Amino acid sequence: MTKTVHLAVYDTFSDWETGHATAHLNRGLWHREPGTWQVKTVGLTTEPVTSMGGMRVVPDLALADLSPADSALLILPGSDTWETGALKDFSDKAAEFLAAGVPVAAICGATFGLAAAGLLDDRKHTSNAAEYLAYSGYSGGANFVHQPAVADGALITGSGVAPVDFAATIFAKLDIYEPQVLEAWVKLYRDNDPAGFFALAEYEESRAAVAG
């Protein structure tokens, strides 16, 4: 059965913040169950949007048509507009997901939007800085954790300068990889440790041998 992760897209969304997560979710290499996962984009409408990096994206579906029952996780990237309140519809959808027990992963400016919506008040979380979230006027400052990425129940939050940690936390939440594979993935992509590459190659070779 195919499982779908939804990536929210809107004008000026920070494409680099979610690139590791979406690329390796969509790519079946090293997965526990190759071919199971896919990524779909969701916009406020299905009209094209342009990322901060200048990429033009046509959303697969409109936000109003997205149901938590049809999703494994909703990813919310940062953008220039979260602080303005222009993306409130996305934080409302995040609240719907969390109420249904379906995970939400927010990074950078998206954490500000969730803070402003009161979704971080009672959950451990992180962001770019505690001072940044304080500007939202939220009441969850005591639950701020100084880490690159934090998971608390169905909620994942991340700093905009830690996209690899953010991705790894998503993978752990969804159980995409065997534990030793995730550890090797982090070594390779976060730590630039060649041992991670060789561990992943050995894992793939051993699986191919069993299958063949």
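The buried residues of helix α6 (179–189) are covered by parts of the chain that include α1, α5 and α7. Those buried residues are Val181, Leu182, Ala184, Trp185, Val186 and Leu188. Here buried means under 20% relative accessible area, exposed means over 50%, and partly exposed lies in between, with a 1.4 Å probe and protein chains only. Helices (H or I, at least four residues) and strands (E, at least two) are DSSP runs, numbered from the N terminus.

This is a predicted model, in which local features need pLDDT of at least 70 and side-chain atom pairs count only at pLDDT 80 or more, while totals for chains, interfaces and linings use all residues. Residues are numbered from 1 along each chain as its sequence is written, and side-chain values use heavy atoms, with hydrogens and water left out.

Helix α7 runs over residues 194–211. Its 18 residues reach 26 Å from the first C-alpha to the last, close to the 26 Å expected at 1.5 Å a residue; the expected span is 1.5 Å times one less than the number of residues. Where on α7 do Gly196, Leu200 and Tyr203, its buried residues, lie? They sit on the same side of α7, because they cover an arc of only 60° around the axis. The arc is that of the directions from the helix axis to the C-beta atoms. The cover over the buried residues of α7 includes α6. On the face of α7 turned away from its buried side are the exposed residues Pro194, Phe198, Glu202, Glu205 and Ala209.

Before α6 comes α5 (163–174), the helix that holds Phe166. Phe166 has 0% relative accessibility and counts as buried. Leaving aside neighbours within four places in sequence, Phe166 is in contact (heavy atoms within 4.5 Å) with Glu17, Thr18, Ile75, Ala105, Ala106, Ile107, Ala149, Ile156, Thr157 and Gly158. The C-alpha atoms of Phe166 and Thr18 are 8.0 Å apart in space, although the two are 148 residues apart in sequence. In the loop between α5 and α6 stands Asp175. The phi of Asp175 is positive, near 60°, in a residue other than glycine, and at 43% relative accessibility Asp175 counts as partly exposed.

The loop between β9 and α5 holds Ser159 and also Ala162. Ser159 is buried, with a relative accessible area of 8%. With neighbours within four places in sequence left aside, the contacts of Ser159 are Ile107, Cys108, Thr126, Ser127, Asn128 and Pro148. Ala162 counts as buried at 8% relative accessibility. From Ala162 to Gln147 there are 15 residues in sequence and 9.4 Å in space, C-alpha to C-alpha.

Two other loops lie on either side of α1 (15–26). Ser14 is in the loop between β1 and α1, and counts as buried at 3% relative accessibility. Outside the neighbours within four places in sequence, Ser14 is in contact with Met52, Pro77, Gly78 and Ser79. Trp30 lies in the loop between α1 and β2. The phi of Trp30 is positive, about 75°, although Trp30 is not a glycine. Trp30 is buried, with a relative accessible area of 8%.

Helix α2 takes in residues 88–99. This helix has 12 residues and reaches 17 Å from first C-alpha to last, close to the 16 Å expected at 1.5 Å a residue. In α2, the buried residues are Phe90, Ser91, Lys93, Ala94, Phe97 and Leu98. They lie on the same side of α2, because the arc they cover around the axis is only 155°. What do the buried residues of α2 pack against? Their partners are β1 (3–8), β2 (37–43), β6 (73–76), β7 (104–107), α3 (109–116) and β9 (155–158). After α2 comes Gly101, whose phi is positive, near 80°.

Last comes the largest pocket, with about 170 Å³ of space in it. On a 1 Å grid over the protein atoms alone, a pocket is an open set of points with protein on both sides within 12 Å along at least five of seven lines, and lining residues have an atom within 4 Å of a point. Of the 14 lining residues, Tyr10, Asp11, Leu44, Val49 and Leu87 are the closest to the centre. The lining divides into 8 nonpolar, 3 polar and 3 charged residues. Ala, Val, Leu, Ile, Met, Phe, Trp, Tyr, Cys and Pro count as nonpolar, Asp, Glu, Lys and Arg as charged, and the others, Gly among them, as polar.

Terms used:
1 Å grid on protein atoms, 1.4 Å probe; cavity = no way out; pocket = protein on both sides within 12 Å on 5 of 7 lines; lining within 4 Å. Points joined across faces, edges and corners; volume = space filled by probe spheres on them.
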